[in-house]
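Colleague: Could you take me slowly through one part of this model, explaining each term as you go?

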Amino acid sequence: MVHKDDQMTPKQRSAALAKGQAVDRMPIALFYGSPAPGLMGWSRTQAYGDAEVSDDHYNPPAIIRHPVSLDDLSVLDADRLSVKNDKALAICLEAAKRILDRLGGEVGCGMELTGPLTCAAGLVGTEALLKAMLRQPEKVHQLMTFVNDVNIETARAFVAAGCGLSVSDPIASGTVISPRLFRKFVQPYHQKFVAACHAMGESDPGIHICGDTSPILEDIADCGYRTVSIDNKVDLADAKRRIGDRAFLLGNVDPVNVFFNGTEDEMRRAIRRCYRKAWDNPCGFMLAPGCGTAYGTPVENALIYMDEARKCARYPVDPTYFMEEE
């Protein structure tokens, strides 16, 4: 159902923007994955239990023991991680198909994959992986090749189902590794992933890297991503200046200090600040949180977010509404 203040469905808006046609407002993103199950009366584990609902736990999953050692990568088996053999992946694909079947006339559906460096860190441990970049670089490349190839095959299944794609690679952050290590151990694999996406018919995969990516903004754009999500640690105006002519930017309301803990006034001011910095980005702009919102984020704040965003995003855009400095 279209919101009372909108004249187009998200799918209509997206299609019109892609063709350079007029729309009712700029698009708005709300990364609400952790709090969302509670809106439907589910726990997080229920939401991931099957394509409908199952178990009952609230905490998100965490890796307690890393299953692989860099000293023995022979245990890696891509077939175990295929849709055919991986139950969790099959559930995600089935859920995406149900969404598209029931709501595909109004909204699109996307799959967010974990980026190659973060996948590798999950398998062997972040500390071990970072040390190996210096001591065992060939092992790191072997592991990165494996996880990237698995990601490409996973992407293929979701693209075939009609989904868009995005990648989140937090361990690749400038907060964690240097630009030199990013270019050596991360960038080539993202470039290969983007090229594979284009070959399978997904023309616009997006990327989000958490933390301060200011040192590697151009490197991220060089990966080939046309949509880049900017963490709240990064200045949107700086991102627009440096890569705005190559990338559609998303960002970047603080998900903790504003979304989780902020007042209504703080939320509205943060949103206007984002539009002030990036509404005229040459390749386009979409308001979004700087990262995923946390479990327990008040739904009232999400509603305030959408209300203020619609005021800023309405076409024709009136910059005087949000251009006044605080």
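Modeller: What follows is a close look at strand 5 and its neighbours. This is a predicted model, in which local features need pLDDT of at least 70 and side-chain atom pairs count only at pLDDT 80 or more, while totals for chains, interfaces and linings use all residues. Residues are numbered from 1 along each chain as its sequence is written, and side-chain values use heavy atoms, with hydrogens and water left out.

Strand 5 covers residues 248-253; helices (H or I, at least four residues) and strands (E, at least two) are DSSP runs, numbered from the N terminus. Six of the six residues of strand 5 are buried, so the strand is largely enclosed by the rest of the structure, where buried means under 20% relative accessible area, exposed over 50%, and partly exposed in between (1.4 Å probe, protein chains only).

Two strands are said to pair if DSSP finds at least two bridges between them. On one hand, strand 4 (residues 227-229) runs parallel to strand 5 and is joined to it by three bridges, with Phe248 in strand 5 as the bridge partner of Thr227. On the other hand, strand 6 (residues 285-289) also runs parallel to strand 5, through five bridges, and here Val253 stands opposite Pro289 of strand 6.

The link from strand 4 can be followed too, since strand 4, helix 11 (residues 236-243) and strand 5 together make a right-handed β-α-β unit. A crossover is called right-handed if, with the strands pointing away from the viewer, the path from the first strand over the helix to the second runs clockwise.
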